[in-house]
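Here are my notes for anyone opening this one up for the first time. Have the structure beside you as you read, and take the points in order.

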Amino acid sequence: MKVSVKQLSKDIAQEMNWTIKESDKIIKDVFSWIKKQLLLGYSVKLKNIAVFSMKTRRSRTVLHPISKDAIVLKEQRLPSFKVARSLLLLMNKKVKRHD
């Protein structure tokens, strides 16, 4: 199941007794703030959910698979998402074994 921002706005509005417009603005502001922090080079930790950060992939030389020509790939900044261990355990329902 996928949850869109629109659906999230509706659910939060209903839960908090807000208008959909109010909840939509808050959600968009939060996502915008996360993007801004990542672009500034900070990581964003959402406790028990995940950590968002930016990683830099160094420039490198690769070979074209068909022509075998050398191609230089530029350095890239990529968003990274690491799931919190508690959420991972909850999703996979890890239970301690008693052997």
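1. Let's begin with a pair in helix α2: Asp24 and Lys28 are 4 residues apart there, so about one helical turn separates them. Their side chains meet in a salt bridge, at 3.3 Å from N to O. Keep in mind throughout that this is a predicted model.

2. Which side chain does Lys25 meet in a salt bridge? The partner is Asp29, at 2.9 Å from N to O. Lys25 and Asp29 also both lie in helix α2, and they too are 4 residues apart, about one turn of the helix. With these pairs, the count comes to 2 salt bridges.

3. How open are the two ends of that Lys25 pair? Lys25 has a relative accessible area of 52%, so it counts as exposed, the cut-off being over 50%. Asp29 has 40% relative accessibility and is therefore partly exposed.

4. Now for the other helix I'd look at, α1, which covers residues 5–16. From first C-alpha to last, its 12 residues reach 16 Å, close to the 16 Å expected at 1.5 Å a residue. Just after α1 comes Asn17, and its phi is positive, near 60 degrees.

5. Which residues make up the nonpolar patch on the surface? They are Val5, Met16, Trp18, Ile26, Val30 and Phe31, and together they have about 490 Å² of accessible area. Two elements, α1 and α2 (20–39), give two or more residues each to this patch. The largest share comes from α2, with 3 residues.

6. Val5 is a handy member of the patch to click on. This residue lies in helix α1. Its relative accessible area is 35%, which means that Val5 is partly exposed.

7. On to the strands. β1 (residues 44–46) and β2 (residues 50–57) pair in the antiparallel sense, with 3 bridges. Lys45 has Val51 in β2 as its bridge partner. The hairpin of β1 and β2 has 3 residues between the strands, and in it Asn48 takes a positive phi near 65 degrees.

8. β2 has another partner to check: β2 and β5 pair in the antiparallel sense over 8 bridges. Look at Val51 again here, as it stands opposite Lys82 in β5. So you can follow Val51 both to its bridge partner Lys45 and to Lys82 in β5.

9. Is Ser80 buried or exposed? Ser80 has a relative accessible area of 19%, so it is buried, since the cut-off for that is under 20%. This serine lies in strand β5, residues 76–83. Leaving out residues up to four places away in sequence, Ser80 touches Val51, Phe52, Ser53 and Lys55.

10. Last, please look at the hairpin of β3 and β4. Strand β3 (residues 60–63) and strand β4 (residues 70–73) run antiparallel and are joined by 4 bridges. Thr61 stands opposite Val72 in β4. There are 6 residues between the two strands, and Lys68 in the turn has a positive phi of about 65 degrees.

Methods. Residues numbered from 1 in each chain as written. Predicted model: local features only at pLDDT ≥ 70, side-chain atom pairs only at ≥ 80, totals over all residues. Heavy atoms only, no water. Expected span 1.5 Å × (residues − 1). Buried < 20%, exposed > 50% of the residue type's maximum accessible area, 1.4 Å probe, protein only. Contact = heavy atoms within 4.5 Å. Pairing = 2+ DSSP bridges. Patch = residues over 30% accessible without salt bridge, like charges linked within 9 Å, V, L, I, M, F, W, Y side chains within 5 Å. Areas by Shrake-Rupley, 256 points an atom, 1.4 Å probe, with all protein chains shown as cover. Salt bridge = Lys/Arg side-chain N within 4 Å of Asp/Glu carboxyl O.
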